[in-house]
Protein chains: 2
Amino acid sequence: MVRFFVSPEEMQPDFMSLTGENAQHAKVLRLKNGEEVLVCDGQGGESLCAISDVNDGQISLVVRHQQQSVTEAKVKVSIYMAFPKGDKLEHVIQKATELGAFEIVAFPSARCVSRPDEKSLRKKLDRWQKIAQSAAEQSGRGVIPKVVALPSYAEALKHAAQADKAILFYENEQAVTLKMSLQAGEFQSISLLSGPEGGLEAVEVEKAREAGFDICTLGKRILRCETAPLCALSAVMYHTGEF
Amino acid sequence: MVRFFVSPEEMQPDFMSLTGENAQHAKVLRLKNGEEVLVCDGQGGESLCAISDVNDGQISLVVRHQQQSVTEAKVKVSIYMAFPKGDKLEHVIQKATELGAFEIVAFPSARCVSRPDEKSLRKKLDRWQKIAQSAAEQSGRGVIPKVVALPSYAEALKHAAQADKAILFYENEQAVTLKMSLQAGEFQSISLLSGPEGGLEAVEVEKAREAGFDICTLGKRILRCETAPLCALSAVMYHTGEF
């Protein structure tokens, strides 16, 4: 079923209308009177609606049923990724959204080649958030993952460490596996942190350890910086019983 | 350490030389006398070598130590993917190689939009195999996954079913998870099969069931056709103790 995201304030109990980009999208899809669509507030609330009127720039809806999204993951997984080069972060945002991430947080680390300034970052964040929304629509999510940029590695550690379990992936770690870390308990929220193309520096890894992170390996093969978070996220979703 | 792949016939016990693309690559990397490199036969055999001479078009090597690759996965996982649109298969080949796939097999299914003819397929296979080799070098693999194209869905089922466990991912399956399927035993070889953009048809899924496949879900969210095999591969590698 087609899925539209509106702001929580736009959600109404009986009648609703889609405007702007949502109405345009509905037009492209040639939706007709009587067809059912799902309207989501992006925070897990959903309304099953029937189309009652189609006009240029506005689609009128009758609400048939309200529910909480059933497609969200049981565990909130946050992806912390050092700014990669090129459009790799866009790729990670799209895929991590499909795979059920709760949020995606970008930050600078010592070996980051890409360091967007404040102005370009504001533009990029808009773009990144749209990518997350579009991926949430396509994959049937009830929540749009928030895309956040933090100003420093220290801030990233501080935020990530607030989860029940914070894990950093380091290619020089060989003994501690992700499985060991996940099997240590039941967690409601998990942060997964990984570095940029050149990896994290040893001193950065030690700072994470001091902040309470588990330092884990993702296996004997070297993963690209855009592969590591998606591999880890897939494994966490598998571990927590999503599939 | 830099890793070069040569054919098994080129592997020698005492002295070796790198020529062609390997020599070019060594030149780009500005490798010098005395530096150590790893020469791999692409089938798991590796020689640790020291550079003894650098010439235009040829690098001479002294073999110091021969070994079997230690970076290969314990379980042989084959990725069976219906031809996707655009360059998505290239993406899957690169990532699946990093993640440790044993081979990547492409095939046509009923809803495939992309159906390369024999001539373009031959060219593409060359290109795909090179992507696998390059990803194997970068990720430190000892084996270059073979990229294969099969002429029909029936052939794909026949080949995939030869593994100890064959699994098909279907978005309409809700009860049987990948975990259930993997927990049913210990497997030396696993085939993971998934469909194109439009998904597999119900009749195709039934044929797989008859051929002995487990039909599994990858969770409540709809994954893109290029995300599903990589998500499943990551989960299998996690399950089998790789990380």
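A salt bridge is taken here as a side-chain nitrogen of Lys or Arg within 4 Å of a carboxyl oxygen of Asp or Glu. By this criterion, six salt bridges join chain B and chain A in the predicted model. One of the pairs across the interface is E226(B) with K95(A). Their side chains meet with an N to O distance of 2.7 Å. Polar contacts also span the two chains: the count is 22 residue pairs, with both residues at pLDDT 80 or more.

The side of chain B that touches chain A draws two or more residues from each of four helices. These are α2 (88-98), α3 (118-139), α5 (178-182) and α7 (228-239) of chain B. Helix α7(B) gives the largest share, six residues. By class, this side of chain B has 13 nonpolar, 14 polar and ten charged residues.

The extent of the interface was computed next. In chain B, 37 residues are in contact with chain A, and 37 residues of chain A take part in return. The area buried between the two chains is about 3,300 Å². Carbon and sulfur atoms give 52% of that area. Three residues of chain B lose the most area to chain A: R221(B), Y238(B) and F243(B). Together they account for 27% of what the chain B side buries.

The relation between the two copies was then examined. A turn of 180 degrees, with a shift of 0.0 Å along the axis, lays chain B on chain A. The RMSD of this superposition is 0.0 Å. The two copies are thus related as by a two-fold rotation axis. In chain B, the C-alpha nearest the axis belongs to A235(B), at 2.4 Å. The interface residues follow this pattern. Of those in chain B, 100% are also interface residues in chain A, so the copies meet through the same surface.

Contacts within chain A were also considered. Over all chains, the structure holds 32 salt bridges. Among them is the pair E90(A) and R127(A), whose closest N and O atoms are 2.8 Å apart. This pair links distant parts of the chain, with the two positions 37 residues apart in numbering. E90(A) lies in helix α2 (residues 88-98) of chain A, and R127(A) lies in helix α3 (residues 118-139) of chain A.

Aromatic pairs number seven over all chains. In one of them, the rings of F107(A) and Y153(A) have their centres 5.9 Å apart. Their planes stand at 50 degrees, so the pair is tilted. Here too, distant parts of the chain are linked. F107(A) sits in strand β7 (residues 103-107) of chain A, and Y153(A) sits in helix α4 (residues 153-160) of chain A, 46 residues apart.

Notes
Residues are numbered from 1 along each chain as its sequence is written. Chains are lettered from A and ligands numbered from 1 in the order in which they are written. This is a predicted model: local features need pLDDT of at least 70, side-chain atom pairs count only at pLDDT 80 or more; totals for chains, interfaces and linings use all residues. Side-chain values use heavy atoms; hydrogens and water are left out. Contact means heavy atoms within 4.5 Å. Buried area is the accessible area (1.4 Å probe) that two parts lose on being put together, summed over both. A polar contact is a pair of N or O atoms within 3.5 Å; within protein, one must be able to donate a hydrogen and the other to accept it, and residues adjacent in sequence count only if both atoms are side-chain atoms. Ala, Val, Leu, Ile, Met, Phe, Trp, Tyr, Cys and Pro count as nonpolar, Asp, Glu, Lys and Arg as charged, and the others, Gly among them, as polar. Copies are superposed by least squares on the C-alpha atoms of residues with pLDDT of at least 70 in both. Rings of Phe, Tyr and Trp (its six-membered ring) pair if their centres lie within 6.5 Å; planes under 30 degrees apart count as stacked, over 60 as edge-to-face and the rest as tilted.
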